[in-house]
Amino acid sequence: MVHPIHCWLWYLGHIWLFMPEPIRIAILSGDRMFREVLTLMLAGRVGLEVIAVAGEAEPANADPCTVDVVLVDAASEPKLALSRVRAAWARFREAQTVVLGLAREDESVGEYVEAGAHAYVLQGASPEGLVRIVRDVHERKSPSSPRVLAEVLRRIASLSRPPAAPPRLSDPLTPREEEILALLARGLGNKEICQRLHITVQTVKNHVHAILTKLQVHRRREAVRLAYETGLLAEPGEIPETMEKKA
């Protein structure tokens, strides 16, 4: 006669054999508290396992072959988020990358997707929403809104076009305006520019207004993007996300 405990052991053993492997997660964030809270939250979810946590782009304690999903914090350090997404894509080629804490579904989402992100989580999302997205991307589903899809398609289409020719300005930028445009591209605000050039804030505002008018754009980011695309700025670079806020 088979002892009941043997039946239970046999049953539990078969359950263990057929249990799916947990989704192995790496967290990249410069905010220690964010990393620790997120780790604790995910550790309490069945089927999820945090195996690497780091403030740098490449967790030293994670074998690239063992990571399934990489979570990149874009809320605490937006300037570093894009570079971290690129680094995660280069190191963890088999993993799915999720960007956390975007303020809204704006044009930056397309930049993250272009850098290698597979999904994103907006600020204010619930823990359940994050877990659902982690599971979805692990199953190679890429949740996104129609707005984001349209932005991604627009960026793909723009890559297929030949480089834009430098704009023919009826009133070319002055040397001072070119200098200020280059400082805008580095993420400097009005106060920082006036301190750098030893001019008043109002003078900086007047120059910025003239730059936008001559380039026929409405925002500083648009001016910098156009300058990179058309060669007005010789060294293409990453356009700072905080440019408009520091104006």
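**Notes on a predicted model: loops, helix H9 and the sheet**

1. Let's start with a loop residue: histidine 198 sits in the loop between H8 and H9. This is a predicted model, and in it the phi of histidine 198 is positive, near 60°, although the residue is not a glycine. Is histidine 198 buried or exposed? Its relative accessible area is 72%, so it counts as exposed.

2. A second residue makes a nice companion. Glutamine 216 belongs to the loop between H9 and H10 and comes after H9. Its phi is again near 60°, a positive value in a residue other than glycine. With 73% relative accessibility, over the 50% cut-off, glutamine 216 is therefore classed as exposed.

3. Between these two loops runs helix H9, which covers residues 201–215. Its 15 residues reach 21 Å from the first C-alpha to the last, close to the 21 Å expected at 1.5 Å a residue.

4. Which residues of H9 are buried? They are Val204, His207, Val208, Ala210, Ile211, Leu212, Lys214 and Leu215. You may want to look at Lys214 and His207 in your viewer, as both are on that list. The cover over the buried residues of H9 includes helix H7 (175–185), helix H8 (190–197) and helix H10 (220–230).

5. Now to the sheet. Five strands form an open sheet in the order S2-S1-S3-S4-S5, with parallel pairing. At the edges are strand S2 (48–54) and strand S5 (119–122), each pairing on one side only. On average, neighbouring strands of this sheet are turned by 25° against each other, direction ignored.

6. One strand pair in more detail: strand S4 (residues 96–102) pairs with S5 in the parallel sense, over four bridges. Across from tyrosine 120 in S5 stands valine 99.

7. Two helices that pack on the sheet are worth a look. Helix H2 (residues 32–43) touches strand S1 (23–28), S2, strand S3 (69–73) and S4, and its direction makes about 165° with that of S2. Helix H5 (residues 127–138) touches S1, S2, S3, S4 and S5; the angle between its direction and that of S5 is about 175°.

8. Finally, the chain as a whole. It has 10 helices and five strands, and 39% of its 247 residues count as buried. Of the contacts between residues at least 6 apart in sequence, 64% join residues at least 24 apart. The exposed area is about 14,700 Å², of which carbon and sulfur atoms supply 58%.

Technical notes:
Residues are numbered from 1 along each chain as its sequence is written. This is a predicted model: local features need pLDDT of at least 70, side-chain atom pairs count only at pLDDT 80 or more; totals for chains, interfaces and linings use all residues. Side-chain values use heavy atoms; hydrogens and water are left out. Buried means under 20% relative accessible area, exposed over 50%, partly exposed in between (1.4 Å probe, protein chains only). Contact means heavy atoms within 4.5 Å. Accessible areas come from the Shrake-Rupley method with a 1.4 Å probe; for residues, only the protein chains shown count as cover. The expected span of a helix is 1.5 Å times one less than its number of residues. Two strands pair if DSSP finds at least two bridges between them. Axes are lines fitted to C-alpha atoms, for helices over the stretch in contact, and angles run from 0 to 180 degrees between N-to-C directions.
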